[in-house]
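Got your viewer open? Let's take a short walk through this one, one selection at a time.

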Amino acid sequence: MRRVLRPIKSYVRVIEERNESALINVLTQFQSFNKLGGIQLPAEPLFKPGLQDVVALETSISLLDTEREQIIIKGFELIELSQEIDYVAMIHLLLEGSLPDASQAEKVKKRLGKDRQVQKDLWPLLAQLPASTHPMDAQRTALSVIAGYDQNLDDRSTAANVERAYRLLAQMPIITANSYRLLQGQSPLTPDESLSYSANFLYLLTENVPSKLSERIFDLSLLLYSEHELPNSTFAARVIASTLSDMYGALTGAVSSLKGQLHGGANEAVMYMLLEADSPEDFEALLLQKLSQKEKIMGFGHRVYAKKMDPRALIMKRALMDLSEHQGNDSFLRMCEAGEALMEREKGLYPNLDYYAAPVYYMLGIPISLYTPIFFCSRLAGLTAHIIEQHEANRLFRPRVHYTGAPYQSI
Ligand SMILES: CC(=O)SCCNC(=O)CCNC(=O)[C@H](O)C(C)(C)COP(=O)(O)OP(=O)(O)OC[C@H]1O[C@@H](n2cnc3c(N)ncnc32)[C@H](O)[C@@H]1OP(=O)(O)O
Ligand SMILES: O=C([O-])CC(=O)C(=O)O
């Protein structure tokens, strides 16, 4: 009897609280009771288009706490972290679970430096890709190739996976920048050992040793992109990892997911849109025209933040202000501000991180088709942590469907 009463009480409570995801959990319990011959309820289809608000898994990595407007990563808040630590410390936090002290930070830096050796066979292979290949597709191809060099591929233990994660974090910036160079018919660059992780990455992307300001802003962008709970790409990676497929396989799925314009691909789309306009007025007219044609405006809206500003966008906006002041050119800043005001007025929508990351990358001199690949390189820290967590406590993902096809008929 107690087993029957407990879900009824929870049902009443969640109805009162209008808590949808809790309601789903309780309905699941009711369904089990149905099966056990307990109380009878009409079968409720547990169907949420796009899995909106569905709690799909347990994680100790991160949470978007929308009520407190906080992005919690391993118990710390991302925006607070962005004022205190660099991207390398974030890698330590995500892979080791704690903020590094000075000697641990030094160790991670050394480890990322040591693991930079990319298999030389990779360059001739990537050079054979058609020149029109998007660098994200080159990233995906490279991941498949380097899987073949992993002597330990079937070892999904945490130790082996952490080792792999560090190696990928060390190599992927080099692979990303050099695959772009190869696609342009240029030869690969060698990393500059004297530079920090982020300065070296930016150097490989632009062929220029960055100023301190550029280095700081680029590092900040990597940190802000590094982890964000369960976006489509992270879910894709965990779904693949849940078959006990390896880290490279899970990451190739994540790259493909991230490439789409509704997700990571938005940062490139934002930049192409900004370049279509010459002035804030011109940009407003462009956005109004797109809205009148029911087009989505890239860089606005978010499944979880919905009608609130992505807190990361605010930090990137400040970075754009700093760069604009330093370079004596505020044309993109003024266009972005005009777009932001217009979208708030017309649609009640606010920018996400991609909206301000795009002009920041442009002003840092980075080629546009590398914006989403950079997002992937940064997100590798979070993605690998999620794949490790999935392999540590695995349950195969295998949901059901709401069938809308024809009913059974005999042939
Ligand atoms: C780092 C990241 O990956 S952040 C996301 C980056 N992606 C983008 O910037 C792409 C543009 N944004 C979007 O397409 C959406 O806001 C998403 C995909 C991010 C979230 O989408 P969902 O949660 O599925 O919301 P959905 O697309 O159903 O939109 C809800 C309503 O807001 C509108 N809306 C949402 N975003 C936008 C937008 N960017 N431009 C115009 N209208 C929008 C929709 O048209 C819809 O309106 P309607 O109810 O009148 O039909
Ligand atoms: O959380 C999401 O759905 C998308 C996003 O902002 C990210 O991956 O950084």
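Before we start, one term: two residues are in contact if their C-beta atoms, placed from the backbone, lie within 7 Å. Keep in mind, too, that this is a predicted model.

Start with the whole chain in cartoon view. You should be able to pick out 18 helices and three strands. Of the chain's 411 residues, 41% count as buried. Now think about who touches whom: looking at contacts with a separation of 6 or more, 72% are between residues 24 or more positions apart.

Next, select residues 247-259. That's helix H12, and Gly 253 sits in it. Is Gly 253 buried or exposed? It's buried, because 21 other C-beta atoms lie within 10 Å and 20 or more is enough to count. Leaving out residues up to four places away in sequence, Gly 253 touches Ala 236, Ala 237 and Ile 240, so add those three to your selection.

Now hop over to His 302. From Gly 253 that's 49 residues along the sequence and 21 Å through space, C-alpha to C-alpha. His 302 is one of the residues around ligand 2. Show the rest of that shell as sticks: His 228, Pro 231, His 263, Arg 303, Val 304 and Asn 352. Sorted by class, the shell has two nonpolar, four polar and one charged residues.

Last stop: select residues 280-292, which make up helix H14. Its 13 residues reach 18 Å from first C-alpha to last, close to the 18 Å expected. Then click on Lys 294, which follows H14 and has a positive phi, near 60°.

Terms used. Residues are numbered from 1 along each chain as its sequence is written. Chains are lettered from A and ligands numbered from 1 in the order in which they are written. This is a predicted model: local features need pLDDT of at least 70, side-chain atom pairs count only at pLDDT 80 or more; totals for chains, interfaces and linings use all residues. A residue is near a molecule or strand if its C-beta atom, placed from the backbone, lies within 6 Å of it. Ala, Val, Leu, Ile, Met, Phe, Trp, Tyr, Cys and Pro count as nonpolar, Asp, Glu, Lys and Arg as charged, and the others, Gly among them, as polar. Helices (H or I, at least four residues) and strands (E, at least two) are DSSP runs, numbered from the N terminus. The expected span of a helix is 1.5 Å times one less than its number of residues. A residue is buried if 20 or more other C-beta atoms lie within 10 Å of its own, exposed if 12 or fewer, and partly exposed in between; C-beta atoms are placed from the backbone.
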